[in-house]
Amino acid sequence: MLTFKNVTVQFAGLTAINKLSFDVPAGKIFSIIGPNGAGKTTVFNCISRFYTPVSGEIEFNGKNLLQFKPHHVIKEGIARSFQNVELFANMTVLDNLLTGLHPTLNKNIFSIALNFPAIKKSEREAVARANEVMELLDIKELADEKVNNLPFGYQKMVDIGRAMMSDTKLILLDEPVAGMNPVETEKISDLILRLRDEMGFTVLVIEHDMSLVMKVSDYVTVMNFGQKIAEGVPQEIQRNPVVIEAYLGEVDDVAPVN
Ligand SMILES: Nc1ncnc2c1ncn2[C@@H]1O[C@H](COP(=O)(O)OP(=O)(O)OP(=O)(O)O)[C@@H](O)[C@H]1O
């Protein structure tokens, strides 16, 4: 579904990503791990089209992603949840979810001002989609709750819910459990599995929490200094000495895989 081919990104002499290649298959959970500064967020910023590589290709469903502007990327079916929850704190859960549709709505300001019937219809459809998403997330009773009254774990769910609002195929999750307690982490890891299994999304995750990565991932790519140093299923990654040295700590510290 998503392919990086020899992608290189540089910032004023610093190579943030160096000839990186990987393939994210449709319907899978694919994780990118690596130490701080390895280049993981830069990968997401290339996919979102905030950054443009100096060389290499990025394809999404067979299309050249580099031809698109950031708002077109969303229309192509790629949605992103950010490292820090970026919701409208004083707005309700329902209204925050509705903002997830904003980039895909194609209405001009005059038809909105004149309150054309087509606008009423798309409003109704948007609210219906938000209700569907809240049902999937099991947070329907929170629809009218202001987001800043919710515990952090629920705010993250709303953030992910917003990414589910449009016609999304690939969801990018940037450190979805950063700052969460174990109960919240468990809830989000269950949600990530449901995104794949019950809702049919493909998920690309950046995460430092190894228990989550090992639990949810179909495939893991490991980056260090902008390069891919390993790739495989979680069990292979957990045993790979190069990965252990670069990232996971001493060999003796790594728990055996069940
Ligand atoms: N806009 C930018 N301008 C200059 N340097 C940048 C920019 N974005 C990223 N970098 C640099 O590129 C390198 C990779 O950064 P990136 O944020 O992708 O790493 P990361 O693996 O996501 O790290 P972390 O786990 O700490 O979030 C770092 O050295 C970073 O300082």
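## Reading a predicted model, starting at the ligand

Tutor: Let's begin at the ligand. The residues around the ligand are Phe11, Leu14, Ala16, Gly34, Asn36, Gly37, Ala38, Gly39, Lys40, Thr41 and Thr42. Keep in mind as we go that this is a predicted model.

Student: Which elements give two or more residues to that shell around the ligand?

Tutor: Two elements do so: strand β2 (14–24) and helix α1. Helix α1 gives the most, with three residues.

Student: Which residues of helix α1 are buried?

Tutor: To judge burial, we count the C-beta atoms within 10 Å of a residue's own, and 20 or more others make it buried. In α1, which spans residues 40–47, the buried ones are Lys40, Thr42, Val43, Cys46 and Ile47.

Student: Why do we say that the buried residues of α1 line one face of the helix?

Tutor: Look down the axis of α1: its buried residues fall within an arc of 160°, so they line one face. Now step past the end of the helix, where Arg49 follows with a positive phi, near 70°.

Student: How should I read a positive phi?

Tutor: As a general idea, most residues other than glycine have a negative phi. Here, Asn6 has a phi near 50°, a positive value in a residue other than glycine. Asn6 is found in strand β1 (residues 2–11). Glu175 also has a positive phi, near 45°, and is found in the loop between β7 and α7.

Student: Are Asn6 and Glu175 buried, exposed or partly exposed?

Tutor: Asn6 counts as exposed because it has 12 C-beta neighbours inside 10 Å. Glu175 has 19 such neighbours, so it counts as partly exposed. For the whole protein chain, buried residues make up 35% of the 258 residues.

Student: Now the overall fold. How many helices and strands are there in the protein chain?

Tutor: The protein chain has 10 helices and 10 strands. Six strands form an open sheet with mixed pairing, in the order β6-β7-β8-β3-β9-β10. To find the edges, look for strands that pair on one side only: here they are β6 (78–81) and β10 (227–232). From one strand to the next, the twist averages 20°.

Student: Which way do β3 and β8 run, parallel or antiparallel?

Tutor: Strands β3 (residues 29–33) and β8 (residues 202–206) run parallel, joined by four bridges. Within this pair, Ile32 stands opposite Ile206 in β8.

Student: Which helices pack on the sheet, and which strands do they touch?

Tutor: One is helix α6 (residues 152–164), touching β6 and β7 (170–174), with its direction at about 170° to that of β6. Another is helix α7 (residues 182–197), which touches β3, β7 and β8 and makes about 150° with the direction of β8.

Student: Where should I be careful with the coordinates?

Tutor: A general rule helps: where pLDDT is low, the predicted coordinates should not be read in detail. The protein chain averages a pLDDT of 87, and 87% of the residues score at least 70. Among the elements, strand β4 (residues 55–60) has the highest mean pLDDT, 98, and helix α4 (residues 109–113) the lowest, 56. Over residues 250–258, pLDDT stays under 50.

Student: What does the predictor give for the complex?

Tutor: The complex gets an ipTM of 0.96 and a pTM of 0.86 from the predictor.

Technical notes: Residues are numbered from 1 along each chain as its sequence is written. This is a predicted model: local features need pLDDT of at least 70, side-chain atom pairs count only at pLDDT 80 or more; totals for chains, interfaces and linings use all residues. pLDDT is the predictor's confidence in each residue, from 0 to 100. Two residues are in contact if their C-beta atoms, placed from the backbone, lie within 7 Å. Two strands pair if DSSP finds at least two bridges between them. Axes are lines fitted to C-alpha atoms, for helices over the stretch in contact, and angles run from 0 to 180 degrees between N-to-C directions. The arc is that of the directions from the helix axis to the C-beta atoms. A residue is near a molecule or strand if its C-beta atom, placed from the backbone, lies within 6 Å of it.
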